[in-house]
Amino acid sequence: GLGGGLLPLALRMLGVGQVTVVERSELVFDIAHKLFGIFQPNPVPFDACAIDIWDGHSDMLPSFLLEASFHSKLRSVLAPGARLVQNALAHNGQAVEVLSAARP
């Protein structure tokens with residue numbers, strides 16, 4: 001999200017034309033808006049999505065990332081043929097199973 005901002009910065013440096021960042025924390029978004037002029041764009045079909053999120057300062061994924069409903073909603077804002085990259089530690093295979101189940 002907007003927390004560290006390293007992934008969007010790196011993508012912009014690589015020449016990616018438009019980068020949209022989604023942030024779950026309203027406080028972080030408010031700060032980014034006030035300090036950096038970041039605004040909330042209208043949702044459009046996205047060509048790619050990179051999910052880079054952890055649960056707090058742990059090495060665990062937030063539980064909503066393991067829910068098929070999240071991935072179904074995500075798919076609704078992705079363009080046909082869009083690519084999805086997600087950091088995932090699948091020690092027990094659960095993340096892989098959920099992601100596989102969410103595929104059309």
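Helices here are DSSP runs of H or I with at least four residues, numbered from the N terminus. Keep that numbering in mind on this tour. The model is a predicted one.

**Stop 1: the whole chain**

Show the protein as a cartoon. Four helices and two strands appear. Follow the chain along its sequence, and the order is α-α-β-α-β-α. Now switch to a surface view. The protein exposes about 7,900 Å², and carbon and sulfur atoms supply 59% of that area. Of its 104 residues, 19% count as buried. Contacts also reach along the chain: among those between residues at least 6 apart in sequence, 60% join residues at least 24 apart.

**Stop 2: helix 2 and its patch**

Select residues 26–36. This is helix 2, and Ile31 lies in it. Is Ile31 buried or exposed? Ile31 is partly exposed, because its relative accessible area is 41%, which falls between the 20% and 50% limits. Add Leu27, Leu35 and Phe36 to the selection. Together with Ile31 they form a nonpolar patch on the surface, with about 480 Å² of accessible area.

**Stop 3: the loop before helix 2**

Step back to Arg24. This residue sits in the loop between helix 1 (6–13) and helix 2. Arg24 counts as exposed, because its relative accessibility is 61%. Which residues does Arg24 touch, leaving aside those up to four places away in sequence? They are Ile53, Pro62 and Phe64. Draw a distance line from Arg24 to Ile53. Their C-alpha atoms are separated by 10.0 Å, and the two residues are 29 apart along the chain.

**Stop 4: the core**

Ile53 leads inward. Select it with Cys49, Ile51, Leu61, Phe64, Leu65, Leu74 and Leu78. These eight residues make up the largest nonpolar core. In soluble globular proteins, nonpolar side chains tend to be buried together. Now centre on Cys49. Beyond residues up to four places away in sequence, Cys49 touches Leu74, Leu78, Arg83, Leu84 and Val85. Of these contacts, Leu74 and Leu78 are also listed in the core.

**Stop 5: the aromatic pair**

Stay with Phe64 and add Phe70. The count of aromatic pairs comes to one. The ring centres of Phe64 and Phe70 are 5.1 Å apart and the planes stand at 75 degrees, so the pair is edge-to-face. The angle decides this, because planes over 60 degrees apart count as edge-to-face. Phe64 belongs to the largest nonpolar core. Phe70 counts as partly exposed, because its relative accessibility is 23%.

Technical notes
Residues are numbered from 1 along each chain as its sequence is written. This is a predicted model: local features need pLDDT of at least 70, side-chain atom pairs count only at pLDDT 80 or more; totals for chains, interfaces and linings use all residues. Side-chain values use heavy atoms; hydrogens and water are left out. Buried means under 20% relative accessible area, exposed over 50%, partly exposed in between (1.4 Å probe, protein chains only). Contact means heavy atoms within 4.5 Å. Accessible areas come from the Shrake-Rupley method with a 1.4 Å probe; for residues, only the protein chains shown count as cover. Rings of Phe, Tyr and Trp (its six-membered ring) pair if their centres lie within 6.5 Å; planes under 30 degrees apart count as stacked, over 60 as edge-to-face and the rest as tilted. Patches are made of residues with over 30% relative accessible area and no salt bridge: like charges are joined within 9 Å, nonpolar side chains (Val, Leu, Ile, Met, Phe, Trp, Tyr) within 5 Å. A salt bridge is a side-chain nitrogen of Lys or Arg within 4 Å of a carboxyl oxygen of Asp or Glu. A nonpolar core is a set of buried Ala, Val, Leu, Ile, Met, Phe, Trp, Tyr and Cys residues joined through side-chain atoms within 4.5 Å.
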